[in-house]
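Student: Could you walk me through how to read a structure like this one? I would like to go feature by feature.

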Amino acid sequence: MADKNRLTAIVRTEFGKGAARRTRRDGQVPAVLYGHATDPQHLALDSRAFAKVLRDNGTNALLYLDIAGKEQIALTKSVVVHPIRRYIEHADLLVIKKGEKVTVDIPVIVTGDAAPGTQIAQDANTISIEADALSIPESVEVSIEGLEAGSQILAGQIALPEGSTLQSDPETLVVNVNVESAAEEPETEEGEAAEGEAAEGEAAEGEAGEGEAAEASES
C-alpha cells in the first residue's frame, strides 16, 4: 500500500480562494495537514493521483506523503467535491503515527437475500469504529440471508475485524426487515373500457348541452 498510496505533496505558500483556484487550475488539490499539536501545513496534491487513491481505498484512505523529501503518513479525514462538476475542491488530512488508533466511519455492506415476502430498509449506511490507523477496514458486511420479517440488525451485532472496536451506539438500528408492501393492482381492461365509455358519455352530454344553448340563443 505504501507504494500505491505514495504522493508527492507540494507546500503551498499562497492562501485564500484565489490561490485555491490557481492550485486547481494547475491540476492539483488544495489540502491541509494537521494533528499531533503541529501547525497546519498547506499542501497541494496531484488531483488525478489523489482521486485514484480515493477510488481504490475509499474515503478513509491512508496516504504516504513525500513533503520536501520527508515521509509523513496521513489519513484522509474529509474531502469536498464540487456538487456539479464532481472534481475535488479541497481535502483535510490528519497526521498519523505508527501504532496509533483512530476513530473513523466505515460503510456497511448488506449481503444475501431475506426470506420471501420481505423488504429491506437500511437505516444506517455507516458505523463508527476505532482501529489501528494502518489497518483501517474499507467496510464491514452484514448478511441478511433468510431473515424473516420483523428481524433487525443492530450495530452491536455486527462482527468487526480483529483489532477494531465499535464506537457507535450498540443499539443503533442498521438493518430492518419488513413485510413487503402490496403493489398496486393494475387496472383491468374492463375497468379501462368502462372509464372510456363514461368519458364518451360525458363528452356527448357536453355537446348536447352546447347545442341546446346555441338553439336558445338563436331563438
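Tutor: We will take confidence, cores, one sheet and two backbone angles in turn.

Student: Let's begin with confidence. What is the mean pLDDT of the protein chain?

Tutor: This is a predicted model, and its protein chain has a mean pLDDT of 85, with 82% of its residues at 70 or more. Confidence peaks in β11, at 98, and is lowest in helix α3 (residues 189-218), where the mean is 50.

Student: Which residues have pLDDT under 50?

Tutor: As a general idea, where pLDDT is low, predicted coordinates should not be read in detail. Here that applies to residues 208-219: pLDDT stays under 50, and the model has zero contacts for them beyond four places in sequence.

Student: Now the interior. Which residues have the most contacts inside the largest nonpolar core?

Tutor: They are L75, I96, I127 and V174, in a core of 26 residues. Two or more core residues come from each of β4 (62-67), β5 (70-81), β7 (101-111), β9 (126-132), β10 (140-143) and β13 (173-179). The largest share, four residues, is given by β7.

Student: Which residues does I96 touch?

Tutor: Leaving aside residues up to four places away in sequence, I96 touches L62, Q72, I73, A74, L75, V102 and A133. Another core lies apart from the largest one; this second core has 20 residues, including L7, A31, L43 and F50.

Student: On to the sheet. In what order do the three strands of the open sheet come?

Tutor: The order is β8-β13-β11, with antiparallel pairing. β8 (118-122) and β11 (152-154) are the edge strands; each has a single partner strand, so one side of each is left without a neighbour in the sheet. On average, neighbouring strands are turned by 10° against each other, direction ignored.

Student: How many bridges join β11 to β13?

Tutor: Three bridges join this antiparallel pair. To find one of them, start at Q152, whose bridge partner in β13 is N176.

Student: Last, the backbone. Where are A68 and R86, and what are their phi values?

Tutor: The general idea is that most residues other than glycine have a negative phi. A68 has a positive phi of about 55° although it is not a glycine. A68 sits in the loop between β4 and β5. R86, also not a glycine, has a positive phi near 65°, and R86 belongs to the loop between β5 and β6 (88-95).

Student: Is A68 buried or exposed, and is R86 buried or exposed?

Tutor: A68 is exposed, with a relative accessible area of 77%. R86 is exposed too, with 55%.

Definitions and conventions: Residues numbered from 1 in each chain as written. Predicted model: local features only at pLDDT ≥ 70, side-chain atom pairs only at ≥ 80, totals over all residues. Heavy atoms only, no water. Core = buried A, V, L, I, M, F, W, Y, C linked by side-chain atoms within 4.5 Å. Buried < 20%, exposed > 50% of the residue type's maximum accessible area, 1.4 Å probe, protein only. Contact = heavy atoms within 4.5 Å. Pairing = 2+ DSSP bridges. Axes fitted to C-alpha atoms, helices over the stretch in contact; angles between N-to-C directions. pLDDT = per-residue confidence, 0-100.
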